[in-house]
Structures are given as C-alpha cells and as structure tokens.
Amino acid sequence: MVTGIDDARDELPWVISADDHVVEPPHLWQRWLPAKYRARGPRVEPGPTTEVPTEGGSVYVRGGDGPIADWWVFEDVVRGTPLVMACAGYPEEEYSMMPMRFADMRRGCYDATARLADMDQGHIERSLNFPNYPRFAGQLFSEANDKDLALACVEAWNDWMIEEWCGDSGGRLIPLGIVPLWDPSLAATEVRRNAARGQKAITFTELPANLGLPSIHDKDRHWDPLFRACDETGTVICMHIGSGSVLQRTSSDAPVGVTTALTSLNAYMAMTDWLLSGTLLRFPNLKIAFSESQVGWMPFLLDRLDRVFTNSGAWSDLDPALTELPSSQVPGRVFGCFFDDMVGIDARHQIGIEQLVFETDYPHQDSTWPDTPTLVAEIARRVPRDELEMLVRTNAITMLDLEPGDLRPEAAEHAEAGVQ
C-alpha cells in the first residue's frame with residue numbers, strides 16, 4: 001500500500017463496504033428466540049482450549065487445561081471464534097486460529113455502536129455484514145437435527161440483524177439475512193418477511209451440492225421458490241467465499257496459505273454454474289454477488305464461458321434457455337466484490353466497471369481497516385475520480401438499491417446545521 005497520504009484523506013470518498021462481518025453477541029439467541037427455544041438455542045459458555053495437531057494443521061477444541069475461550073454451544077456443535085475472525089486492532093504477527101474470549105475482542109466486532117465508531121475511523125460510510133458463528137451462509141442451522149428449532153434460530157438471527165444490529169444505525173448498517181437452506185419454500189417466506197422490513201440481501205451458498213443440497217442445475221428447479229422471492233422483492237443473493245463449506249486444496253499436506261490463495265476458485269465455479277444454468281434468464285430481475293471473491297479472474301472466465309457456448313453442440317447439454325452469450329447476463333445482474341485486487345481494477349472495463357463493488361472485510365485478517373483510505377488512494381491513482389466513486393461507493397448503492405444520500409456523520413451534521 002502507498003503511505004504518506006494523510007493530508008489527502010478528507011478528499012477521498014468514504015466507502016460502502018459490500019462485505020464485512022459481525023461476530024454475533026452472546027445474547028443474540030437468548031434474547032431473540034421465543035422463550036420455549038432459549039434453553040436449547042445457541043449460547044456461549046467459557047471453557048479451556050486444547051490444541052489438536054492434524055494433517056492439515058492444528059485445530060482447537062474445548063477441554064484440557066489450555067487458555068480459556070468463549071465457546072458457542074448448539075446441539076452437539078461446540079465452536080469458538082478464532083482470532084483471525086475477530087482480529088481488528090491486533091498486530092498481524094499475533095493472528096492465529098486460537099479461539100477468543102469476547103473480552104479480548106474489539107467491541108466493534110459485536111457491538112453496533114462501537115462498529116459505527118470504527119467505521120468512522122476507517123472512512124466506511126455503510127456496511128453489509130455477513131454472519132460468523134452460523135457460518136457464512138447459515139449452514140449451521142441447515143445441519144441441525146431439530147429443524148423447528150433451526151428455523152426459529154434463523155428467524156431470530158434476522159430479527160436481531162434488522163431490529164438491533166441495523167436498527168439505530170441511520171441506514172449505515174445494511175440488513176443482510178440468512179435463510180433456511182434446507183427448504184426453499186421456507187426460505188422464500190423468510191425473504192419476503194424481511195424484504196418488507198428493509199432487508200436488501202441474503203447470503204446463499206456458492207456451491208449447494210457441497211452441502212448435500214441440489215445444485216442450481218437441478219432439473220426439478222429445486223431452488224425456484226427462493227430465487228423467485230428474491231427476484232420479486234429485489235433481494236440480492238450474495239455468495240461468500242467458503243459458503244460452500246469446502247475450500248479447494250492442492251493436496252492434503254498443503255499449508256493453509258495455499259488454500260487461502262485459492263479461495264476465488266469457489267467463486268469461479270459458482271459463476272460458471274450461474275451463467276450456464278439459465279437461472280438469470282428465468283428470473284430477469286435477480287441480482288447476484290460474489291463476496292470476497294476478488295475480481296481479476298472474471299475477464300478470463302467470461303471469455304471462456306462465451307467460447308464454450310459458441311463452440312458447444314448437443315453434446316454440451318446446456319440449458320435450452322441459453323440463446324445468447326453467457327457474458328450478456330452480467331450487466332446489472334452479476335457483481336464481484338474486491339478490496340486490494342489491482343489486477344481486477346486494471347481490468348475493470350473488461351468485466352464492466354458498473355459490476356464491481358468494494359469491501360473492507362472488517363474484522364477479518366484480510367481487512368483493510370483501519371487503513372482503508374490508504375487503499376482507496378492507491379485505487380485513485382489508477383482510475384479517474386468518477387470511476388473511483390463508482391467502484392467504492394455508488395455501484396453498491398445501485399446493487400443494493402440503497403438511498404443515494406450521503407450518510408457520513410459529518411454530512412448529517414452539516415445538514416442539521418443547514419436546517420437550523
């Protein structure tokens with residue numbers, strides 16, 4: 001990153017982040033679940049940590065006589081929050097997979113008021129936040145044994161997201177929901193319930209088959225109730241890397257860094273599914289986003305998909321709805337989320353600059369916070385000012401159908417002073 005731009009910080013646009021994360025506060029399900037479910041709902045219990053070596057690296061489990069961590073407990077699943085998932089404010093040399101206590105996290109990870117203060121510090125105007133404990137697409141509840149309880153947990157998460165996390169933020173925290181992945185009709189009902197309350201997007205799995213669910217190529221149109229609900233309500237379907245629960249590995253003994261370097265491959269595969277399935281053609285208002293995917297790989301894939309389509313015959317078994325180049329589905333419909341992808345920035349017009357949205361990934365290890373203005377300055381050296389505004393702010397407004405006004409605290413103060 002370029003440094004030494006402190007004097008220019010105030011001249012740079014504040015960003016709208018299309019991918020940040022929230023660490024669910026310990027009270028979430030105990031407060032928002034109906035009373036009859038609370039004793040069996042997710043809860044936090046402190047306990048010691050044991051490191052268990054495995055072929056792919058150490059894992060940490062509850063037990064033994066190691067450091068005390070806060071453990072989420074639900075049915076037979078016990079899991080902590082690794083430091084790398086809540087490392088805002090920590091020096092990079094301290095990053096690890098060791099589970100944390102809430103007392104050792106920055107409050108902005110789980111407290112909305114503190115998050116807004118951290119957003120001010122990093123010049124983040126607005127933020128869309130993905131789940132943490134239920135996993136990026138809410139897979140935890142899809143895997144639960146008691147589906148009535150699981151559905152109540154999904155509904156409670158969404159109630160908390162809309163009413164508590166986003167409720168008093170003045171629009172700066174943007175509602176994103178989870179859905180009951182195990183039942184697309186229930187998922188559609190949940191989309192409609194929350195779209196009526198201002199929810200702008202849901203998180204969905206990038207590769208459903210990895211979760212034992214039908215793929216979007218399913219001949220029986222398994223996912224149509226959910227996709228139709230999103231199409232009709234303007235709810236964006238966001239697919240975060242890792243939401244397919246399986247990341248690509250070159251070998252069983254490859255270090256974690258190899259898997260991390262390959263995370264965009266899941267988005268690459270998911271986009272291939274979507275653009276060759278005919279789904280976007282059957283639902284003409286549906287918008288999808290590939291979250292934390294970076295975007296530099298997109299020009300090659302779009303070109304490759306067009307060539308496969310052009311050169312295909314009966315042998316290809318592609319959906320008959322595909323009568324135009326797959327890349328023709330992208331404008332206004334398919335969005336890629338990036339942060340420090342300068343290859344993608346340089347290739348922006350090959351993708352479609354309107355299709356690119358910025359993210360900060362707070363509070364994860366890849367986050368640009370609190371140095372986001374430094375990265376924005378680096379982008380500003382490569383693109384004109386109008387394109388910079390599109391990339392870091394206005395494209396997200398279009399994608400999520402947000403109010404276009406300036407929600408920075410200083411803008412609100414100026415507006416209030418003007419009224420007086």
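**Exercises on a predicted model**

**Exercise 1.** Determine which residues of helix α6 (residues 224–233) are buried, what they pack against, and what follows the helix.

*Solution.* In this predicted model, the buried residues of α6 are D224, L226, F227, A229, C230 and D231. An α-helix has 3.6 residues a turn, so residues three or four places apart point the same way. The partners come next: the buried residues of α6 pack against the helices α5 (184–195), α8 and α9 (279–282), and also against the strands β9 (201–203) and β10. Finally, α6 is followed by G234, which has a positive phi near 75°.

**Exercise 2.** Establish the strand order of the open six-stranded sheet and state which strands stand at its edges.

*Solution.* The order is β8-β9-β10-β11-β12-β13, and the pairing is parallel. Because β8 (176–177) and β13 (356–358) each have a single partner strand, one side of each lacks a neighbour in the sheet, and these two strands form the edges.

**Exercise 3.** Describe how β10 pairs with β11, and identify the strands touched by helix α8.

*Solution.* Strand β10 (residues 236–240) pairs with strand β11 (residues 288–291) in the parallel sense, over four bridges. M239 stands opposite F290 in β11. Helix α8 (residues 264–277) packs on the sheet and touches β10, β11 and β12 (334–338). The direction of α8 makes about 170° with that of β11.

**Exercise 4.** Identify the residues that make the nonpolar surface patch of about 180 Å², and locate V52.

*Solution.* The patch is made by V52, V59 and V61. V52 lies in strand β2 (residues 43–52). With a relative accessible area of 31%, V52 is partly exposed; patch residues must have over 30%.

Technical notes. Residues numbered from 1 in each chain as written. Predicted model: local features only at pLDDT ≥ 70, side-chain atom pairs only at ≥ 80, totals over all residues. Heavy atoms only, no water. Pairing = 2+ DSSP bridges. Contact = heavy atoms within 4.5 Å. Axes fitted to C-alpha atoms, helices over the stretch in contact; angles between N-to-C directions. Buried < 20%, exposed > 50% of the residue type's maximum accessible area, 1.4 Å probe, protein only. Patch = residues over 30% accessible without salt bridge, like charges linked within 9 Å, V, L, I, M, F, W, Y side chains within 5 Å. Areas by Shrake-Rupley, 256 points an atom, 1.4 Å probe, with all protein chains shown as cover. Salt bridge = Lys/Arg side-chain N within 4 Å of Asp/Glu carboxyl O.
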